[in-house]
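Me: Could you take a close look at one part of this model for me? I'd like to go through the packing and then the charged pairs around it.

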Amino acid sequence: MKKTIKALTGAGMLTAALLMASCSEGTQDNMENEADTAMAKVENKVDEVRADIDEYRDENFVQDVAEMNSEVLHLLALGQQKGTTKEVKAAAKKMEAYHNSMGKELQALATAKSYKLDADNDENKDALANDNAGTDWDKRWADKVVDAHEKAIKKFERGQEKATDPELKAWIDKELPALREHYNAAKELQSKL
């Protein structure tokens, strides 16, 4: 499994590097966007491989969702701080309220089930934080929000099928429509930028 994941990750980084190396200065931003998209696809594939190989456990699902939600909240905070359009700022604010609430419910569920949640993982949080704001930033931000929600929906759909705890299953069923709504709103915003 580790070799497969390393191979997929390596292939994604190689693709991104080749795209970056082949571009001229004038098209560097476009190539960065394509490289980011290529890496997101590789990351999604790695997650799919892990999901297929790893045995499902409710506790792992809750831990993964907590980490994903933390990453999304970070993206949404950045959207409000650095977004250049009122649409980006409004979408980020609306989604942030929901994801804060979802995070609190998830924490309560984890506590009730005695699931240990890891501290925030800062690994992916600086992806856009250090970039200059502007229309290209807004586009990259929307791409990341779409990818994050797509990934979350896949995780929740798998949890919906595999969850053994009835309370967790009910929570998943309740949350999925909102995640799909956010995904659709982010896709619509993405198409406008």
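What does leucine 168 touch, not counting residues up to four places away in sequence?

Reply: Leucine 168 touches Tyr56, Asp58, Phe61, Val62, Leu109 and Ala163, once residues up to four places away in sequence are set aside. Bear in mind that this is a predicted model.

Leu168 also turns up in the largest nonpolar core, which has 39 residues. Leu168 is listed there with Phe61, Trp141, Phe156, Trp171 and Ile172 as the residues with the most contacts inside that core. As for where the core comes from, the elements giving it two or more residues are α3 (58–82), α4 (86–112), α5 and α6. As a rule, nonpolar side chains in soluble globular proteins tend to be buried together.

Now for how two of those helices sit against each other. The axes of α3 and α5 come within 10 Å and cross at roughly 160 degrees. Anything over 145 degrees counts as roughly antiparallel, so α3 is roughly antiparallel to α5. The α3/α5 crossing is left-handed.

Staying with Asp58 and Val62 for a moment, have a look at tyrosine 115, which touches both of them, along with Glu59 and Ala110, again leaving out residues up to four places away in sequence. Tyr115 is found in the loop between α4 and α5. Its relative accessibility is 18%, so Tyr115 counts as buried, the cut-off being under 20%. The C-alpha of Tyr115 is 8.0 Å from that of glutamine 63, although the two residues are 52 apart along the chain.

Glu59, one of the Tyr115 contacts, brings us to the charged pairs. The model has nine salt bridges by the rule used here. In one of them, the side chains of arginine 57 and glutamate 59 meet with N and O 3.9 Å apart, and the cut-off for a salt bridge is within 4 Å. Arg57 has 43% relative accessibility and so counts as partly exposed. Glu59 is partly exposed too, at 23%.

Over on α6 there's a pair that links distant parts of the chain. Arginine 180 forms a salt bridge with glutamate 157, with the closest N and O atoms 2.9 Å apart. Arg180 lies in helix α6 (residues 166–192) and Glu157 in helix α5 (residues 135–162), with their positions 23 residues apart in the sequence. Arg180 is partly exposed, with a relative accessible area of 33%, and Glu157 is also partly exposed, at 30%.

Then there's glutamate 175, whose side chain meets that of lysine 174 in a salt bridge of 2.6 Å, N to O. Here the partners fall into separate classes: Glu175 is buried, with a relative accessible area of 2%, whereas Lys174 is partly exposed at 47%. The two don't stand alone, as Glu105, Lys174 and Glu175 are linked in a network of salt bridges.

Last stop is lysine 104, in helix α4. Lys104 has 64% relative accessibility and so counts as exposed. From Lys104 to alanine 66 is 9.7 Å, C-alpha to C-alpha, while the pair is 38 residues apart in sequence.

Definitions and conventions:
Residues are numbered from 1 along each chain as its sequence is written. This is a predicted model: local features need pLDDT of at least 70, side-chain atom pairs count only at pLDDT 80 or more; totals for chains, interfaces and linings use all residues. Side-chain values use heavy atoms; hydrogens and water are left out. Buried means under 20% relative accessible area, exposed over 50%, partly exposed in between (1.4 Å probe, protein chains only). Helices (H or I, at least four residues) and strands (E, at least two) are DSSP runs, numbered from the N terminus. A nonpolar core is a set of buried Ala, Val, Leu, Ile, Met, Phe, Trp, Tyr and Cys residues joined through side-chain atoms within 4.5 Å. Contact means heavy atoms within 4.5 Å. Axes are lines fitted to C-alpha atoms, for helices over the stretch in contact, and angles run from 0 to 180 degrees between N-to-C directions. Angles under 35 degrees count as roughly parallel, over 145 as roughly antiparallel, 65 to 115 as roughly perpendicular and the rest as oblique. A crossing is left-handed if the near helix is turned anticlockwise from the far one by less than a right angle, and right-handed if clockwise.
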